[in-house]
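Dear colleague,

Please find below the structure that I am handing over to you. My findings follow it.

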Amino acid sequence: MATERLLSPQPGTPDEDEANYALRPGRMEEYIGQRDLVERVSIAVAAARSRSDPMEHVLLHGPPGLGKTTLAHVIAREMNSRITVTSGPALARGTDLVSALQRLGHGDVLFIDEIHRLPVAVEEFVYPAMEDFRIDVTVDSGLNARTIQLRCKPFTLIGATTRAGLLSSPLRSRFGQTFHLQYYTVAELATILRRSCSLLNVRDADEPALLRIAERSRGTPRIANRLLRRVRDFSHVRAGNTFTPAVVDDALALEGVDPLGLDELDRSYLRTIGNVYACGPVGLETVAATMNEDAGTLEDVVEPYLLQIGFLARTRRGRALTRAACEHLGIPFKTSDSDESSLF
Ligand SMILES: Nc1ncnc2c1ncn2[C@@H]1O[C@H](COP(=O)(O)OP(=O)(O)OP(=O)(O)O)[C@@H](O)[C@H]1O
Ligand SMILES: [Mg+2]
């Protein structure tokens, strides 16, 4: 249920994927924000191109919806190379990669999304490919087993992950460079929205209206673009195509999104801790049971943003609300003890 919500940073339906695809920046200069990262990637691309070498293997990590897949495509385009896209869970056996690797041309990009979900058997198979552009395939089994070595052309592996901590260290160490994507500022999100407006043919959106969407987008371009489409539809059907801050407020209030970008699930999570457990600390499992929600869902889709905006503290004895969260909910703030700041 929670994964279908409007504010989820995860991609939604296949239709949405397609809509996002159309909004994806194609070139480095269209890639908004992430200034330091863009600078470092541009240097790496320019250096590799001047030597006519493939770029070093790149690991991109950061929360969902911040533009890792987009960046992989941009890098391939700037390198003038082709990109082959696959993902960790799609690769069950090492040999699943053989034909993809063999089809790669010199300097091409192999993009592996969710690389932290690569099975161990595939991981070990990827090492020689990354290091020596060699593929070791075992044929036959038992006494007749032998290893055949195949070559592939020098290529660039781009791995993307939301959970860099889950990557094995041998795999992590084989990447020449690692880039971390940051949440976007409101101003950057507004710039992304302006660009999306022109691609979506939304002409009447004024700047304050876009800022208002940006403020509710949780620092995430995927959410910003999704809210923009909702407001556009609302404006079209209910507001005579006007697109002002008031229209944004009405459209998003209807969706249950508040001025901080919190939705009903976030609020009921906060209210549960605030009202039922006197602001905490309380264990995640207990909160989940009270809400009749899955603890993993709460941890993955609700807590990260609440932690980021300083509404939630993870203490040794469980989750606790901060003063800011209580003020936002309009409930009295209670400190039960002093371990609020002992985050882990
Ligand atoms: N820097 C950017 N400038 C403009 N638009 C962006 C930028 N980054 C992302 N977007 C937009 O956000 C959408 C989501 O980005 P993308 O699919 O690359 O995220 P992701 O990090 O790969 O997410 P996931 O972890 O879920 O795979 C894109 O379709 C694109 O429209
Ligand atoms: Mg992606």
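**Overall architecture**

In this predicted model, 36% of the 344 residues of the protein chain count as buried. The chain contains 14 helices and nine strands, and its C-alpha atoms fill a box of roughly 70 × 50 × 30 Å along the principal axes. Among contacts in the chain with a separation of 6 or more, 70% join residues that are 24 or more positions apart.

**The surroundings of ligand 1**

Where does ligand 1 lie with respect to domain 1 and domain 2? Ligand 1 lies between them, because domain 1 (34-180) and domain 2 (186-254) both give residues to its shell. There are 23 residues around ligand 1, of which Asn 20, Gly 67, Thr 69, Thr 70 and Pro 221 come nearest. Three helices, α1 (14-23), α3 (68-78) and α9 (221-238), each supply at least two residues of this shell. Sorted by class, the shell comprises ten nonpolar, nine polar and four charged residues.

**The β4–β5 hairpin**

I would also draw your attention to one pair of strands. Strand β4 (residues 134-139) pairs with β5 in the antiparallel sense over six bridges; in one of these pairings, Asp 136 has Gln 149 of β5 as its bridge partner. The two strands, β4 and β5, form a hairpin with six residues between them, and Asp 140 in the turn has a positive phi of about 60 degrees. Strand β5 (residues 146-151) is hardly covered, as the count of buried residues among its six residues is zero.

With kind regards

Definitions and conventions:
Residues are numbered from 1 along each chain as its sequence is written. Chains are lettered from A and ligands numbered from 1 in the order in which they are written. This is a predicted model: local features need pLDDT of at least 70, side-chain atom pairs count only at pLDDT 80 or more; totals for chains, interfaces and linings use all residues. Helices (H or I, at least four residues) and strands (E, at least two) are DSSP runs, numbered from the N terminus. A residue is buried if 20 or more other C-beta atoms lie within 10 Å of its own, exposed if 12 or fewer, and partly exposed in between; C-beta atoms are placed from the backbone. Two residues are in contact if their C-beta atoms, placed from the backbone, lie within 7 Å. A residue is near a molecule or strand if its C-beta atom, placed from the backbone, lies within 6 Å of it. Ala, Val, Leu, Ile, Met, Phe, Trp, Tyr, Cys and Pro count as nonpolar, Asp, Glu, Lys and Arg as charged, and the others, Gly among them, as polar. Domain bounds come from an automatic or database domain assignment. Two strands pair if DSSP finds at least two bridges between them.
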